[in-house]
Amino acid sequence: MKTRVEPAVQKRQVLLLCVFLGVYWAGAEPLRYFVEEETQRGTFLANLATDLGLGVGELSARGSRIVSDQNVRFLLLNPLTGDLLLNEKLDREELCGPTEPCVLPFQLLLEKPFQIFRAELWIRDINDHSPVFLEREIPLKILESTTPGEAFLLERAQDSDVGTNNLRNYTISPNAYFHINVHDNGEGTIYPELVLDRVLDREEVPELSLTLTALDGGSPPRSGTALVRIQVLDINDNVPEFVQSLYKVQVPENSPVGSLVVAVSARDLDTGSYGEIVYAFFYATERILKTFQINSTSGHLHLKAELDYEEMQSYTLTIQAKDGGGFSGKCTVVVHVTDINDNPPELLMSSLTSSIAENSAETIVAVFRIRDKDSGNNAKMLCSIQNDLPFLLNPSVENFYTLVTNGALDRESRDEYNITITVTDLGTPRLITQHNITLLVSDVNDNAPAFTKTSYTLFIQENNSPALHIGSVSATDRDAGANAQVTYSLLPPQDPNLPLDSLVSINADNGHLFALRALDFEALQAFEFRVGATDRGAPALSSQALVRVQVLDANDNAPFVLYPLQNGSAPCTELVPRAAEPGYLVSKVVAVDADSGQNAWLSYQLLKATEPGLFGVWAHNGEVRTARPLSERDAAKHRLLLLVRDNGEPPLSASVTLHVLLVDGFSQPYLPLPEAAAEAAPADPLTVYLVIALASVSSLFLFSVLAFIAVRLCRRSRAGSGGGGSVPEGHFPGHLVDVNGTGTLSQSYQYEVCLRSGSGTTNEFKFLKPMISNLQSQSTGKEAEEYPPFRNDLGF
């Protein structure tokens, strides 16, 4: 280990010794060589061997080489010849910058033996660079109030060359305001200075552009330029002025919020903050501040709220333009709001009548006024109502109208009117307002109750139960309320003998009629009365109706036989000659029925006969006739039992017995003896009394009949002597008369009987001719021809 360390130490000591000797030799004056920059590569600079006194080939033998601190191989040594050549183009400004002189030191190193020679390469500057301004444009701001003679230092130019090639002078382009001064700072650096020659006016010349030229000292000289842009700074010496002192605009009232109203513009010749204008309202009212807003920068006036022509037709605004120096100008903006048809007409009711009495003369229903907040044609209006109503619109002053009736109203025709008042303006588009009025027509008692019929005929079955509802009368009143409330009553009958109050009654509220008692058709077939209907108006009105009540017949009366009489003490005997032919009229049963119609239709029937087949009865007229020729073998006396029946339901009937005596002729009087006298009977006191009573009654009846006949004959003789007809004036009692003429014996079919002289021996009656011609029309002509003796003969 120690043997290896010792040789290394020895080598280091030898090297240090050599370096020390080289440095010592290098401390001598260095060799100097000169070359211009930008010299071409390979240019011969010097021969180092010659300059160092070395022989040819010694540099190569001793191991020479060029070393430099820059480590730039800008030199090239030929060891064989010792020539020093330029290895590349040199740029002095790059290598040395502004340093003058530009020296590049280098050393020649010889290794065998070790030796160092110092040398320097001096690079000479050439004018290869023009002056250059770092900024191509030099801004300069000068107040327009700057006084002449004021100097402004400008940026100097840069020139990479040195010496005489460096910057030597500055010039400025010709102008009327400035000149250039060049100053030296004492260190060889010059700088330009701009001097003001006259007062600047920014409003006249707001900006100047001058060309600054820098010149170097080279030959030929090089130059560089820069643009000096001089901005004349403003002072606040101008007041903002509006383009117009008065702006007039028209804005439709339906303009949307935010729309532009007008753009005002002001000018200020100043610049900067002095020329910056801010727009604002000047002493604006609260309404203006709520309606408009202005852009402080642009001066645009916008709508802040909706316009309404009806509220405000115009606005006058004062707008102020103020610059940064406190100066301000003003203008006036007049905004006229133009109307559009955005308001429908209005109808203002002053008075209104909701109800009016009918039959009133021209009456004011309503008083109203119309208006429209718009203007011009938009405010012109037309007012109308329906054409089919009985009303008129009468215009008055100040757009007042009265709605009046066009004549009397009739509530019964129409009790309510819906009136639509239409108001239309003349704008575009037209706007319409409608107002509805409901008018009620109150009632006046101008209508009497009216019955549904002028006369009513009611039917009631006889023998009715009391309080029976027999019918109704009805009356209506076209009025209303109490005027239409009808009360019914019975009016006094025209016949004072008609007991109306005991026959019917009426319900005063509903007109129902009731029979108060049972009615008898045979006593009262029909009756008439009047019913009154009275309303409750003031004054009350009434009307009448005739009510006729027809009593309907019930089959409550059996047929009554008038002939032959059945109440005599002796039976009635009819005499029939034996020579009578078939069809000979033996007798006629005369019966009546107090009923009427079908109930009075009578039919006749032979129930029993002594010799059946000898006699017959006609079913419809009650005539008893011989059915066959009589013979000597036929019995002299015959007893016929006849039945008279009506056509009612149920049918009622009556029977009658007819005695027939066959005789040879009428010359022999024949008094039939009672059958009872032929039979011998023991005398009984009770029987005697009965016979005496019966004889008395029969005598009294016979006397009454004779007296009645005598009276009738006397009246007839007087009537005949007076030229009257042969019809007797008297009538049978009502219960024996068929009023309607539907029975067998009509009212005009009356028989006369007389007692022939010498007939005291018999009590038989003989039917004679009828006194009224209608019986002749009802009876057949055949009967008159067959039995001529019965036409004029009145004797027994």
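Okay, let's start with a term: a charge sits over a ring if NZ of Lys or CZ of Arg is within 6 Å of the ring centre and within 35 degrees of the ring normal. Keep that in mind as we look at this one, which is a predicted model. Here, Lys330 lies over the face of Phe282, 4.4 Å from the ring centre. Arg625 does the like with Trp618, at 5.0 Å from the ring centre.

Now, rings with rings. There are 10 aromatic pairs in the structure. One of them is Phe133 with Tyr170, a tilted pair with 6.3 Å from centre to centre and 50° between the planes. That pair links distant parts of the chain, 37 residues apart: Phe133 is in the loop between strand 7 and strand 8, and Tyr170 is in strand 10. Phe133 and Tyr170 are buried.

Next up, Phe451 and Tyr488. Their ring centres are 6.4 Å apart and the planes are at 55°, so this pair is tilted. Phe451 belongs to strand 32 and Tyr488 to strand 36, so the pair ties together parts 37 residues apart in sequence. Both residues are buried, and with Tyr456 they make up one aromatic cluster.

Last stop, strand 40, residues 542-552. Which side chains point to the buried face? Ser543, Ala545, Val547, Val549 and Val551 do, while the alternating ones, including Arg548 and Gln550, point to the other face and are not buried. And the neighbours? Strand 39 pairs with strand 40 in the antiparallel sense over nine bridges, and the two form a hairpin with six residues between them. Strand 33 pairs with strand 40 too, in the parallel sense, over seven bridges; there, Gln461 stands opposite Leu552.

How values were computed: Residues are numbered from 1 along each chain as its sequence is written. This is a predicted model: local features need pLDDT of at least 70, side-chain atom pairs count only at pLDDT 80 or more; totals for chains, interfaces and linings use all residues. Side-chain values use heavy atoms; hydrogens and water are left out. Buried means under 20% relative accessible area, exposed over 50%, partly exposed in between (1.4 Å probe, protein chains only). Helices (H or I, at least four residues) and strands (E, at least two) are DSSP runs, numbered from the N terminus. Two strands pair if DSSP finds at least two bridges between them. Rings of Phe, Tyr and Trp (its six-membered ring) pair if their centres lie within 6.5 Å; planes under 30 degrees apart count as stacked, over 60 as edge-to-face and the rest as tilted.
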